[in-house]
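Student: Please take one part of this model and go through it closely. I would like to hear about the spaces in it and the charged pairs, with each term explained as it comes up.

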Amino acid sequence: MAPDTYIHGTEPSEQDRLAALNRMTNAAFIRFLDVAAGARVLEVGSGLGLLAVEVASAAEDVSVVGVEVSPQQIAAAAASPRVTYRQGDAHSLDLPDASFDIVYARYLLEHVEHPDLVLREMQRVVRPGGRVAVCENDVTLIRFDPPCPAFDRAWEMFQRYQASLGGDGAIGRRLFRLFQGAGLTGIELSVQPEVHWQGSPGFVAWVRNIIGNLESARRGLDPDDLAAAVAELTTLSERPDASSVFVWNRAVGIRS
Ligand SMILES: C[S@@+](CC[C@H](N)C(=O)[O-])C[C@H]1O[C@@H](n2cnc3c(N)ncnc32)[C@H](O)[C@@H]1O
């Protein structure tokens with residue numbers, strides 16, 4: 001992946017957004033992953049390593065390898081004696097067959113050109129009986145109330161821009177098909193909810209995360225439309241009657 005095809009980039013404000021998103025979503029993802037003591041784990045597209053480090057400490061003697069395409073991300077990644085990072089492309093993992101107990105990716109497949117190839121690679125490097133797990137986006141599932149028409153317009157532009165870069169912001173809905181295509185068995189789908197309202201602990205952070213998503217993609221958005229969406233969401237984040245619903249899409253499957 002050429003660095004300029006990653007819609008979010010690696011500006012400091014984007015790294016702050018990704019770190020805040022990790023704080024909001026890691027605990028639920030780690031429960032979903034259900035790592036056993038001694039597990040050898042691979043994260044594909046490990047970004048800042050914040051999730052990898054928490055996965056590594058989720059049980060005794062867990063070791064995690066993080067594969068990440070961007071040298072900037074690896075340079076900024078969280079350190080842990082149980083986590084090692086390798087620069088590489090998810091489409092062609094420089095790792096032996098059947099070398100991990102669990103292989104996972106989070107917020108990665110929406111950015112890659114060939115998610116089917118990435119999943120096949122994930123299937124190749126997990127051992128027979130091991131698990132492949134993914135958590136992804138379907139950006140069409142987001143709802144705000146009161147309605148935010150300027151945001152809706154900018155969000156559509158965001159999706160078109162991501163598609164023009166080779167990504168798919170709605171890939172979450174395709175996970176069952178992608179897992180089947182990779183030959184995984186025992187596939188189970190689930191969602192991880194983001195349900196927030198004014199006064200609940202995550203509401204303002206969640207709205208800021210969506211603002212940060214838009215701002216990270218400013219290269220592909222009309223500046224006036226972006227400004228209108230940001231102003232609208234900022235107002236929403238202060239309204240006493242505001243709320244928001246979204247779900248992440250997850251899948252887990254077994255290599256037979
Ligand atoms: C949104 S971040 C998610 C990081 C981490 N998985 C998390 O949940 O916080 C997506 C990461 O995938 C990386 N990435 C994108 N395309 C990739 C590819 N083809 N191979 C490996 N990493 C890739 C990006 O550089 C970025 O760091």
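Tutor: Residues are put into three classes here: Ala, Val, Leu, Ile, Met, Phe, Trp, Tyr, Cys and Pro are nonpolar, Asp, Glu, Lys and Arg are charged, and the others, Gly among them, are polar. This is a predicted model, in which local features need pLDDT of at least 70 and side-chain atom pairs count only at pLDDT 80 or more, while totals for chains, interfaces and linings use all residues. Numbering runs from 1 along each chain as its sequence is written, and side-chain values use heavy atoms, with hydrogens and water left out.

Begin with the enclosed space. On a 1 Å grid over the protein atoms alone, a cavity is a set of points where a 1.4 Å probe fits but cannot get out; a pocket is an open set with protein on both sides within 12 Å along at least five of seven lines, and lining residues have an atom within 4 Å of a point. Points are joined across faces, edges and corners, and the volume is the space filled by probe spheres set on them. One cavity of 30 Å³ or more is counted, and the largest cavity holds about 30 Å³. Around the largest cavity stand T5, I7, E110, H111, Q162, L165, G166 and G167. Sorted by class, this lining has two nonpolar, five polar and one charged residues.

Next comes an open space. The second largest pocket has a volume of about 180 Å³. Its lining consists of V139, T140, I142, R143, F144, P147, C148, F151, D152, W155, E156 and Q159. Two elements, β6 (143–145) and α5 (149–164), each give two or more residues to that lining; helices (H or I, at least four residues) and strands (E, at least two) are DSSP runs, numbered from the N terminus. The largest share, five residues, comes from α5. In the lining of this pocket, seven residues are nonpolar, two polar and three charged.

Now the charged pairs. Side chains of opposite charge can pair when their charged atoms come close. A salt bridge is counted when a side-chain nitrogen of Lys or Arg lies within 4 Å of a carboxyl oxygen of Asp or Glu, and there are eight salt bridges by this rule. One of them joins the side chains of D138 and R173, at 3.0 Å from N to O. D138 sits in the loop between β5 (126–136) and β6, and R173 in the loop between α5 and α6 (175–181), so the pair, 35 residues apart, links distant parts of the chain. D138 counts as buried because its relative accessible area is 3%, where buried means under 20%, exposed over 50% and partly exposed in between (1.4 Å probe, protein chains only). R173, at 53%, counts as exposed.

Another salt bridge pairs D168 with R174, their closest N and O atoms being 2.7 Å apart. D168 is partly exposed at 23% relative accessible area, and R174 is also partly exposed, at 25%.

Further along the chain, R239 and D241 form a salt bridge with their closest N and O atoms 2.8 Å apart. R239 has 35% relative accessibility and is therefore partly exposed; D241, at 42%, is likewise partly exposed. Elsewhere, R40, D101 and R127 are joined into one network by salt bridges that share partners.
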